[in-house]
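Let's take a walk through this model together, beginning with a single residue and moving on to the places where chains meet.

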Amino acid sequence: MIPDLGKYGFEVASAYAVSIVLLFAIVGLSWRQSVKQRRALEAAEARRHG
Amino acid sequence: MIALLLRDLRLATRAGGGFGLGLVFFLIVVVLVPFGVGPETAILSKIASGILWVAALLAALLSLDRIFALDFEDGALTLIATAPIPLETVGLAKAMAHWLTTGLPLTLAAPVLGVLLQLPASGYSFVAVTLLLGTPALSMIGTFGAALTVGIRRGGLLLSLLVLPLYIPTLIFGAEAARRGTAGLDASTPLLMLAGITAGSVALLPFATAAVLRINLR
Amino acid sequence: MSLWEYANPKKFMGWTGPVLPWAFWTAGICLVVGLFWGFFLTPDDYRQGSTVKIIYLHVPSALMAINAWMMMLVASLIWLVRRHHVSALAAKAAAPVGITMTLIALMTGAIWGQPMWGTYWAWDPRLTSFLILFLFYLGYMALWAAIDDPDTAADLTSVLCIVGSVFALLSRYAVNFWNQGLHQGASLSLDKEENVSDVFFFPLLVCIAGFVLLFVALVLLRTRTEIRARRLRALQLREVRT
């Protein structure tokens, strides 16, 4: 399944690993921040109208 | 404008004004370099002009936060802003004061310190000329940076983070011109670019500086 | 209805809500298809062996690193001229994405460089320019973080972005002058001369599309977060006063 990466296997694998980790990190961080703000805003709106 | 300039010069040279600090810092950095890279003449003379440029740049950085911060804190900056001279001129005057009290002394000190770094004989004039051409740019760019961070408490470190990348083109052309001149190669292109950067900065950054001051003084 | 109507925060939240999942899904699909295609279904390069597969990450991220900054520049200009808050917040939102792209470009570049050039780092013009871009992103983000008042922060960071862009461009020329470098020429110029061969080109295009869509999706998401944060701050200030 995994193609024979030859002698550069480590480099290719680590390049992909690093990139995927960083992409997941920015997506995950952005998602978490979004959820946090949404909850805080909903709470504040509820306090205001409640 | 002259009045503002003279006032700043007087404040800087007064005791506690930080006038000599830049020069002393310059000296210390130059003294530290051989401890870091070894005393070998061949190596030092190769990197001497570059070290002098970097050290001068860092020393110029030191006194940047004084440009506006003190006036901002005691309210003088607001008064200056309402004065009949345009804020752009204020920015230019402040940059000039910085250059006269920091950039120019560093330029004059550099050939002397070059002796400590085994600067080749051909290098002295080039180091002096490139610093003379380039330090005004450093002062003007630094003044812009100082205006940007004037309202921020303990903004010194942030100021460095913002200004140092802006210094890179000046440093590259200045140090390259010095290096090439020292080696006897043609240094006209980097010299011209350096002069261009200084001219451009002095012509355009006062406007950006004024805009930023207005924002911070709202 | 002019285009600027969409810049109104409430309207912005309105139309980005349904668009956001689509953006993420299409980004995900392009990325998975592109990377899968490139990684599994393309041959090795004659000279570079399997490391050519790194191109599917390195080139798109490098492109986005630059484009993110350009988007921030445009958004900053729009803020300064038209005072649309969404614009300022979009610029703020884009910076972390841009710096991540820059980091990916730098790291994949370094990892690729080691077997190709024998070194993880070389002061080559392209790499150096990206390192400088990284510093500009850091400064921009640091300035946003250091200022309390949101409008002042938006104004100052916008000016910094504009001045920074001029100096970034200057730096590019300075760095090219300073060192000729190892990095190969443009792989994707419109002029066909130096183009990457077709078998790599198409999966690369898909990956680039994926990165672009991911950038858009993330900026939309993050801008929505910033708008909410701004509204929250307004509510909290009102709470404190009453």
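Our starting point is Arg47(A), which sits in helix α1 of chain A, a helix that covers residues 9-49. Please keep in mind as we go that this is a predicted model. Is Arg47(A) buried or exposed? A residue counts as exposed if 12 or fewer other C-beta atoms lie within 10 Å of its own. Arg47(A) has 11 other C-beta atoms within 10 Å, so it is exposed. For a sense of scale, compare its position with that of Ser14(A): the two are 33 residues apart in sequence, and their C-alpha atoms are 49 Å apart in space.

From here we can ask which chains meet. Two pairs of chains are in contact, and of these, chains A and C share the most contacts. On the chain A side, 24 residues take part, and they touch 30 residues of chain C. Sorted by class, the chain A residues of this side comprise 13 nonpolar, seven polar and four charged ones.

Chain C also meets chain B, with 21 residues of chain C in contact with 18 residues of chain B. Which elements of chain C give two or more residues to this side? They are α4 (125-146) and α5 (150-178) of chain C. Of the elements on this side, α5(C) gives the most, with 12 residues. By class, the side of chain C that touches chain B holds 17 nonpolar, three polar and one charged residues.

What about chains A and B? No contact joins them, and their closest C-alpha atoms lie 23 Å apart.

Let's finish inside chain B, at helix α2, which runs over residues 19-37 and has Gly22(B), Phe26(B) and Val30(B) as its buried residues. Why do these residues line one face of the helix? Looking down the axis of α2(B), you would find the buried residues within an arc of 80 degrees, and therefore on one face. Their cover includes two other helices of chain B, α3 (41-62) and α6 (87-116).

Now turn to the face of α2(B) that points away from the buried side. There you will find the exposed residues Gly20(B), Val24(B), Ile28(B), Leu32(B), Phe35(B) and Gly36(B). Just after the helix comes Gly38(B), which has a positive phi, near 95 degrees.

Notes:
Residues are numbered from 1 along each chain as its sequence is written. Chains are lettered from A and ligands numbered from 1 in the order in which they are written. This is a predicted model: local features need pLDDT of at least 70, side-chain atom pairs count only at pLDDT 80 or more; totals for chains, interfaces and linings use all residues. A residue is buried if 20 or more other C-beta atoms lie within 10 Å of its own, exposed if 12 or fewer, and partly exposed in between; C-beta atoms are placed from the backbone. Helices (H or I, at least four residues) and strands (E, at least two) are DSSP runs, numbered from the N terminus. The arc is that of the directions from the helix axis to the C-beta atoms. Two residues are in contact if their C-beta atoms, placed from the backbone, lie within 7 Å. Ala, Val, Leu, Ile, Met, Phe, Trp, Tyr, Cys and Pro count as nonpolar, Asp, Glu, Lys and Arg as charged, and the others, Gly among them, as polar.
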